[in-house]
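I opened this notebook page to keep track of what I looked up, residue by residue.

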Amino acid sequence: MAGAADLHSPPQGRLGGGLLAHWGGLRHPLLALAAAGTDMFLWLPVWLGTGIGLWFGLDREPGRADYTLVAVAAVLGAVAWLRGPDAGRIFAAALTVAAAGFLLAGARAHDLAAPVLGYRYYGPVEGRIISIDRSSGDYIRLTLDQMVLANTAPARIPATARVALHGDQSQLLPEPGQRVMMTANLMPPAGPASPQSYDFRRNSWFSRLGAVGYVRAPVLLVEPPAPGDWLLAGHRARMRISAAIQTRIPGQAGAVAAALMTGDRSGIAEATNASMRASNLYHIISISGLHMGMLVGFVFAALRYGLAAAGSLALHLPVKKIAAGVALVAASIYLWLAGPNVATERAYVMAATMLVAVLLDRRAISLRTVALAALLLLLMEPESLVEPGFQMSFGATVALILVYRPWAAVQHLVPGLLKPVAMLVISSLAAGLASAPIAAAHFNRMPEYGLLANLLAVPVMGTAVMPAGVIAALLAPFGLAGPPLWVMEQGTRWMIFVSDWVAGLDGALLAVPVPPGVVLPLLALAAALVVLARGAARLAGLGAALAATLFWAQVERPALLIAPEGELVGLLTANGRALSKSGAGFAAETWLAEDGDIASPQDAQARAGWSGPAGSREAVLAGRRVVHLSGKGAAGRVADACKSGAVVVLAAEAERPAPPDCLLFDLKSLRQSGAVSITPEGATLRVETVAGAIGPRLWATRGR
């Protein structure tokens, strides 16, 4: 396979910007080892990803001079690639493709530029609903475009905004395409909770999401969906099919079935989501390679063997190609129905690439097919490189391909009835081992019993739920969908039972700290060398994996963390991070997760480390007083707190500059710097800020 928490999506690549900052130092040995000899085509996505990663890893926005220099390097590399000596062509090819990746990422970021709300807004909002989902706080969320904001020039209105529906909204049944009006609280997408944290603003930038917020008053319908609005036709069909499934299959089983078949997860409660994450089954409710593979595999196999059973007819028809063509159509319909989210698009590209390979008499499953799919995805959406879904999908797919050859050599030794079970265990283990460190790096959680849950749930999904869903879709026009939907219901109820049971086992989730930024690039380098290189270069890949493990094992978390608006301060103690107050759930949950701490924010707030009344909390950091001032009259208490080298955090604007012997962080300075981390180094304190870690990137400066 997260301001208030209900306003934000789960992290989609928290480490993406910082983790690839180290690619530059790794690219030269990568190219040298690539030259050891292998299929150059397989290296193209690696080189392209290197250039994209370099762009995302910069701590400043590239300027015209940077792009010109990279473009010149690309041209010179291309010339050397085409006309240079054979010994240097591999290096020239790598330089050209990496430079192209850098330019591609920059062009994509500028092409998607859209206004970002630069302030907090409260007032009337009118817009068209383009998508509906559910937040982590279990609120229905609407994404709007074509908006109108009071007293706001059209050029400053965000392209899209997402609002969570609080309060009683029973009088409106949201539907994509509706034009609605509301009184909403809007704000810019929130920055990271710490300098080491995931930057929601970057994901928002590439989604053209310029504001998030919530509405408490009833949402009013202005206009129904336009009949000819083909842009939203797929979304409307998805929601109607989802509603029909949930009507026939009640409860969370119906919500999960609807998510599997249509991609609509708005009916899934947060408790079910949490259970699925803890059991490592969350991937089954997000349409991805597993779903697309099962759907395509069922359609392909049913047609191929069905036509083959037709006797002499099969002798005169290209049965395999017909099955592949129909499966490609089915995959295309599934993509249209599920919507153009990144995971579904990635799954479709991979499935389509393999089916086209069958149509062209090529091997459907091979490293070249995976390389082509990765190349296409990076060309279409270079930002997907830094998202966990991309990394986990391709890691798992490559692992499955690698274990297939050894399995093929020994499968004749396994009794026939046990072969499917053995293959399932091997494939689940390979995919799990490949994706587990990536998931742990992004989400700081590692399900301990994920293999068990997948062994119990995935076969039911593949053999019963997905085939029944396809059959139900075919029989629905004739009013005969009842029996297959009953099969789907039993299958989804079983998967939910397995998820809840596994999630309830002792130690179901292992918490791990967020790794240093160099870890994932090292793991990527290790994977590339082990899979693509030969001879001693593979040993270098194992060395890179070992180095990544050592870096991760030695990670040190900041001693003090300050939330973006001074609303919370967290002090690392021997018993875990102690929080200065309750509330500020998003920052608190993020800090604890990144510490590898499974405690709740309430438990962390109760830890020893802070003293004093609610508005004047005090702690000690390396012999210095730390004071967190909040609430009414907090600014007036700064003078008494700012003494003898104290660190003072003020959740308001200071009335006067801080004395020389005081380190003051007030609301005004924090809005410039973003969240802050402080680490003692001898007699001094190392202060890091979000602004310093990310730099003036497009998503960090626009609208402010």
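I began with Ala434, which I located in helix 15, the run covering residues 419-443; the model I was reading is a predicted one.

Is Ala434 buried or exposed, I asked next? I noted a relative accessible area of 22%, and because buried requires a value under 20%, Ala434 is classed as partly exposed.

I then listed what Ala434 touches, leaving aside its neighbours within four places in sequence, and found Gly395, Ala396 and Ala399 in contact with it. I also looked up its separation from Arg64, and wrote down 370 residues in sequence and 39 Å in space, taken C-alpha to C-alpha.

My second entry concerns Glu270, which I placed in helix 9, a helix made of residues 270-278. Its relative accessible area came out at 18%, and since that is under the 20% cut-off, I recorded Glu270 as buried.

Which residues is Glu270 in contact with, once neighbours within four places in sequence are left aside? I found Ser135, Ser136, Asp138 and Arg277, and for Arg277 I could add that its side chain is joined to that of Glu270 by a polar contact of 3.1 Å.

Last, I turned to the nonpolar cores. The largest has 66 residues, and I noted that the members touching the most other members are Trp43, Trp47, Trp55, Phe56, Phe206, Phe394 and Trp699. A second core, separate from that one, has 50 residues, and among them I listed Ala253, Val299, Ala352 and Leu355. As a general remark, I added that nonpolar side chains tend to be buried together in soluble globular proteins.

Technical notes:
Residues numbered from 1 in each chain as written. Predicted model: local features only at pLDDT ≥ 70, side-chain atom pairs only at ≥ 80, totals over all residues. Heavy atoms only, no water. Core = buried A, V, L, I, M, F, W, Y, C linked by side-chain atoms within 4.5 Å. Buried < 20%, exposed > 50% of the residue type's maximum accessible area, 1.4 Å probe, protein only. Helix = DSSP H or I, 4+ residues; strand = E, 2+ residues; numbered from the N terminus. Polar contact = N/O pair within 3.5 Å; in protein donor to acceptor, adjacent residues only side chain to side chain. Contact = heavy atoms within 4.5 Å.
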